[in-house]
Amino acid sequence: FPTRRSSDLEMRREFTETFILRNSVCDAGHEWAKAEDGEPLLVMRNKPGVGIHTQPLPAGVFRDFAGLKTQQQIKAFADKFGDLFNHWCDPQNRYDGTNVLGRPLSTWTEEIGDMRVLVELWDQIKERNYDALKKLIFLTDDGPEYVISTPKRGERMVNLTRTLTTRSGEPIQFRPNDVLLPSRCALQIEINMRLSENKTIPELTWTRDTKEDSGGYHQRIIFRPSNLLAAMWIQFAQAVTEELQLRQCDFCGEYFQVGPGAARDDAKFCKAVCRVRAWNREKQAVKGKPKTTNGKSGKSLR
């Protein structure tokens, strides 16, 4: 059962979250099949009586996604977080004589590659890696331009002065020889492109309310991503905008947020259960060591 603290956190999240980053996950997991052209195809396992469940998207999943390299890692990711698009391609692929709908390996690798290139760019911006940024940004008489290449889209060249404006429609003012702001603008344009391709749908919904005269509920507008890929791009955009710090848990390796409104800056574990399990593991390790004559762990004294 959830603790009072976890219930309070869930309620606060329900009150304040604008983007509902959740995804459907197949309880039976996934497996690799083959398309008619021989390409690997990731499909949901057909296990009678086993359905799907919906779960929140943990912090930093976009980073996990960008780091996927092998088919085994992709399958494990899908088993944990679900299919990229929450729908299946046309039933044109056959496997063992039956129609099987799935997601080709090439689709996964292209989307992973797109995310990886931009996550690496974001890291270079945060680290003020000017040598790397100068390979992306080119200062011309018409203003700064950037050249970026991803597995899905190939190489693109964009002039920032002609493309980007402020919210009021004014052009961005770039300082001479500056590559940091143009790099941030390039990242913004590329993320916005992917946000527009992977739709997020506004929706009116009910949420709980603590006011006595409200009847227990009130209406609010939320934005629900159409699929897992859309949710990860929103998560990435939120991290860039809010400059959230992500840290890997010392026990389970999952990313979690630290800083104002999240975990403490010196937190090492994503949740209490990981902290307890890490403590138990350390305790068991200490128990396994031989004791000295003074009662402390270490080598035996003769």
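**Exercise 1. The surroundings of Phe65**

Which residues does Phe65 touch, not counting residues up to four places away in sequence?

*Solution.* Note the source first. This is a predicted model, where local features need pLDDT of at least 70, side-chain atom pairs count only at pLDDT 80 or more, and totals for chains, interfaces and linings use all residues. Residues are numbered from 1 along each chain as its sequence is written, and side-chain values use heavy atoms, with hydrogens and water left out.

Step 1. Fix the rule: a contact means heavy atoms within 4.5 Å.
Step 2. List the partners. Phe65 touches Phe77, Leu84, Trp108, Glu111, Ile112, Met115, Leu229 and Met232.

**Exercise 2. The largest nonpolar core**

Find how many residues the largest nonpolar core has, and which element gives the largest share.

*Solution.* Step 1. Define the core: a set of buried Ala, Val, Leu, Ile, Met, Phe, Trp, Tyr and Cys residues joined through side-chain atoms within 4.5 Å. Buried means under 20% relative accessible area, exposed means over 50%, and partly exposed lies in between (1.4 Å probe, protein chains only).
Step 2. Give the size. The largest core has 49 residues. Phe65, Met232 and Phe236 have the most contacts inside it.
Step 3. Name the suppliers. At least two residues of this core come from each of α2 (61-66), α3, α4 (105-126), β9, α7 (180-197) and α8 (228-242). The largest share, ten residues, is from α8.
The element names follow DSSP runs, numbered from the N terminus: helices are H or I with at least four residues, strands are E with at least two.

**Exercise 3. An open sheet**

State the strand order of the open sheet and identify its edges.

*Solution.* Step 1. Two strands pair if DSSP finds at least two bridges between them.
Step 2. The order is β2-β3-β7, with antiparallel pairing.
Step 3. β2 (30-34) and β7 (103-104) are the edge strands, as each pairs on one side only.
Step 4. Look at one pairing. Two bridges link β3 (residues 40-44) with β7. Leu42 faces Arg103 of β7.
Step 5. Add the helix. α3 (residues 71-81) lies across β2 and β3, at about 130° to β2. Such axes are lines fitted to C-alpha atoms, for helices over the stretch in contact, and angles run from 0 to 180 degrees between N-to-C directions.

**Exercise 4. Two hairpins around β9**

How many bridges join β9 to β8, and how many join β9 to β10?

*Solution.* Step 1. β8 (residues 137-140) and β9 (residues 143-150) run antiparallel, joined by four bridges. Their hairpin has two residues between the strands. Thr140 is bridged to Gly143, and Phe138 stands opposite Glu145.
Step 2. Six bridges join β9 to β10 (residues 154-159), again antiparallel. Three residues separate the strands of this hairpin. Here Glu145 stands opposite Asn159.
Step 3. Check burial. Seven of the eight residues of β9 are buried, so the strand is largely enclosed by the rest of the structure.

**Exercise 5. Arg45**

Is Arg45 buried, exposed or partly exposed?

*Solution.* Step 1. Locate Arg45: the loop between β3 and β4 (52-56).
Step 2. Arg45 counts as partly exposed because its relative accessibility is 39%.
Step 3. List its contacts. Beyond neighbours within four places in sequence, they are Cys26, Ala28, Gly29, His30 and Glu31.
Step 4. Add distances. A polar atom of the Arg45 side chain lies 3.2 Å from the backbone oxygen of Ala28. The C-alpha atoms of Arg45 and Cys26 are 8.1 Å apart.

Notes: Polar contact = N/O pair within 3.5 Å; in protein donor to acceptor, adjacent residues only side chain to side chain.
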